[in-house]
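Trainee: I would like to look closely at a single part of a model and then follow its surroundings outward. Could you take me through it in one connected account, once the sequence and structure are in view?

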There are 2 protein chains.
Amino acid sequence: MTRTQKVGSPPTTELILREAARLFSSKGFHGTSTREIADAVGIRQPSLFHHFPSKHAIAEALFQYDYDRSPGLQLRPELPDATPPVRLFQITRREVLVELTSAYDLRGLYLSALMDDPEFAHWRATYEQSLSAAGDLIREGIKTGDFVDKDPTMAVEILDALVNQAVRWAPRHRDLSLPDEAAEMALRLVIKRPSRIPAIRREADRLLVAAGTPWPEEIALATQTR
Amino acid sequence: MTRTQKVGSPPTTELILREAARLFSSKGFHGTSTREIADAVGIRQPSLFHHFPSKHAIAEALFQYDYDRSPGLQLRPELPDATPPVRLFQITRREVLVELTSAYDLRGLYLSALMDDPEFAHWRATYEQSLSAAGDLIREGIKTGDFVDKDPTMAVEILDALVNQAVRWAPRHRDLSLPDEAAEMALRLVIKRPSRIPAIRREADRLLVAAGTPWPEEIALATQTR
DNA sequence: CCAGCAGCCTATCAATCGATAGGCTGAGCA
DNA sequence: TGCTCAGCCTATCGATTGATAGGCTGCTGG
């Protein structure tokens, strides 16, 4: 960065990601022009291409940002040795927290069919793998008798929709209780005995402390690009 | 219709709606060009404008089609005198059935932020009213002690996501058991005693028969435009 | 039988799209 | 001091967009 940068103002690349994400979520990727993004940032449209080689690359960076922060997408679920209900609870509240604390408004990536574009097929595949892993978890819970014996595919798709909905909340709520509440509802979808939910939550908290990665007491907003 | 029409082939206006809906759902409204629609139908691009005055009008017709078939969007919920759990069950399975038996693939209308476009603000308002009514139903159920006392807004948004998910199922499943299963899951989200669900379902069936509008035994696919 | 017109066509429009070429400027460094 | 180059600019590209103008054809109702 050689050009003078206004004190306290984020670097331009960061601003581009922020404004592009906001516009993608309100008008969609295809409905947003590079000129609109540039206007929102306060630069001219061709200047965008000094920071990203193409419009697709901007969305790509946002996908990557989300991936880097999401254990679920990385297929590295937390508490792999816990019981299915505890794992489902933890996975759900983690994914909701990730979306809730995102530095960017990622709704545009997941609320449209953007992942179905051939250019983003890689992210679609990653996403499907993550859903498939969730399906395995549900099936395991049915086997152990913790979950009701309903179609696991439908359950997964509703859980997916629940987390996607959390992406919509992100700009509105900044409340740390939200991930826990959303995860409780997710659990209620499939669990046989809802009365156990408080114990499951305590167990998740306990295991996280034991693992040296306690669940955050207060919310911390992410800011860095990667 | 004066021009010769191939026997057994739907009228062109119908074909346009069908193909446009399919393309909107896979590439988004803004990501679909009128030439793509015309190619899929088998006519030239300007010929589209003899059936619809604009590209927006095609999406408008699809919104209207969905509205006309959805009691929820019309704010005319079924079984208004039943208990909150029975009404929630019935509303959910009805909306899922409506999406499941739609003649068109309506995912493109609701899975993107299309309703946020100023041209479709009217549908956004209608949609929000329908969600608001669902919130009132949840609150009533909390008051009667049937539902758990959790944030009704979050519950409604998850129910909304669940029905939207059903829109995604539409092209895949054509199984009449699906609406009932989806509605059971919706009920599990908020109900205090899940063991009551079978009785709630029987009660809904009974009330529908009493009202002279029994729940369909087998699926009937909609075809007419309006 | 023929006038009207629905339905489709070709040709073409202005606007907008994402992207490129090349020039200016000023901070950082030798 | 003077070279380098990141960062932004203006000007402009070809492609594609949604939409219009106007002509041809053949069914249909009077």
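Leaving aside its neighbours within four places in sequence, which residues is Arg94(B) in contact with?

Mentor: The model is a predicted one, and what follows should be read with that in mind. Leaving aside the neighbours within four places in sequence, Arg94(B) is in contact with Pro71(B), Glu78(B) and Trp215(B). The residue lies in helix α4 of chain B, which covers residues 84-100, and with a relative accessibility of 17%, Arg94(B) falls under the 20% limit and therefore counts as buried. Of its partners, Glu78(B) also enters into a polar contact with Arg94(B), the two side chains being joined at 2.7 Å.

From this charged residue within chain B we can turn to the charged pairs elsewhere, for the structure holds 31 salt bridges over all chains. In chain A, Glu36(A) and Lys27(A) form one of them, with their closest N and O atoms 2.4 Å apart. Glu36(A) is partly exposed, at a relative accessible area of 25%, and Lys27(A) is likewise partly exposed, at 30%. In chain B, the side chains of Lys27(B) and Glu36(B) meet in a salt bridge with an N to O distance of 2.5 Å; here Lys27(B) is partly exposed with a relative accessible area of 32%, and Glu36(B) is partly exposed with 25%. A further salt bridge, at 2.6 Å from N to O, links the side chains of Asp105(A) and Arg107(A). In that pair Asp105(A) has a relative accessibility of 17% and so counts as buried, whereas Arg107(A), with a relative accessible area of 22%, is partly exposed.

Some of these charged groups are linked beyond simple pairs: Arg93(A), Asp180(A), Glu184(A), Arg201(A), Asp205(A) and Lys150(B) belong to a network of salt bridges. Two of its members, Asp180(A) and Glu184(A), are among the buried residues of helix α8 of chain A, and that helix deserves a description of its own. Helix α8 of chain A runs over residues 177-190, and its 14 residues reach 21 Å from the first C-alpha to the last, close to the 20 Å expected at 1.5 Å a residue. It is mostly covered, with twelve of the 14 residues buried; besides the two acidic residues just named, the buried set includes Leu178(A), Met185(A), Arg188(A) and Val190(A). The cover over these buried residues comes from both chains, and includes α4, α6, α7 and α9 of chain A together with α7 and α8 of chain B.

One of the covering helices, α6 of chain A, is the place of Ile138(A), a residue that counts as buried at 2% relative accessibility. Not counting residues up to four places away in sequence, Ile138(A) touches Leu88(A), Phe147(A), Pro152(A), Val156(A), Leu159(A) and Val190(A), and Val190(A) is itself one of the buried residues of α8(A). The C-alpha atoms of Ile138(A) and Val86(A) are separated by 12 Å, although the two residues are 52 places apart along the chain.

Since helices of chain B are part of what covers α8(A), the account leads on to the interface between the chains. There, 35 residues of chain B are in contact with 35 residues of chain A, and the two chains bury about 3,000 Å² between them, 57% of it on carbon and sulfur atoms. Met154(B), Met185(B) and Arg188(B) supply 24% of the area that chain B buries against chain A, more than any other three residues.

Across this interface the rule finds two salt bridges, and one between the chains joins Lys150(A) to Glu184(B), whose closest N and O atoms are 2.9 Å apart. Six residue pairs are found in polar contact across the interface of chain B and chain A. On the side of chain B that touches chain A, α1 (12-27), α7 and α8 of chain B each supply at least two residues, and α7(B) gives the most, with ten residues. By class, that side of chain B has 16 nonpolar, six polar and 13 charged residues.

Key
Residues numbered from 1 in each chain as written. Chains lettered and ligands numbered in written order. Predicted model: local features only at pLDDT ≥ 70, side-chain atom pairs only at ≥ 80, totals over all residues. Heavy atoms only, no water. Helix = DSSP H or I, 4+ residues; strand = E, 2+ residues; numbered from the N terminus. Expected span 1.5 Å × (residues − 1). Buried < 20%, exposed > 50% of the residue type's maximum accessible area, 1.4 Å probe, protein only. Contact = heavy atoms within 4.5 Å. Buried area = accessible area lost by both parts, 1.4 Å probe. Salt bridge = Lys/Arg side-chain N within 4 Å of Asp/Glu carboxyl O. Polar contact = N/O pair within 3.5 Å; in protein donor to acceptor, adjacent residues only side chain to side chain. Nonpolar A, V, L, I, M, F, W, Y, C, P; charged D, E, K, R; others polar.
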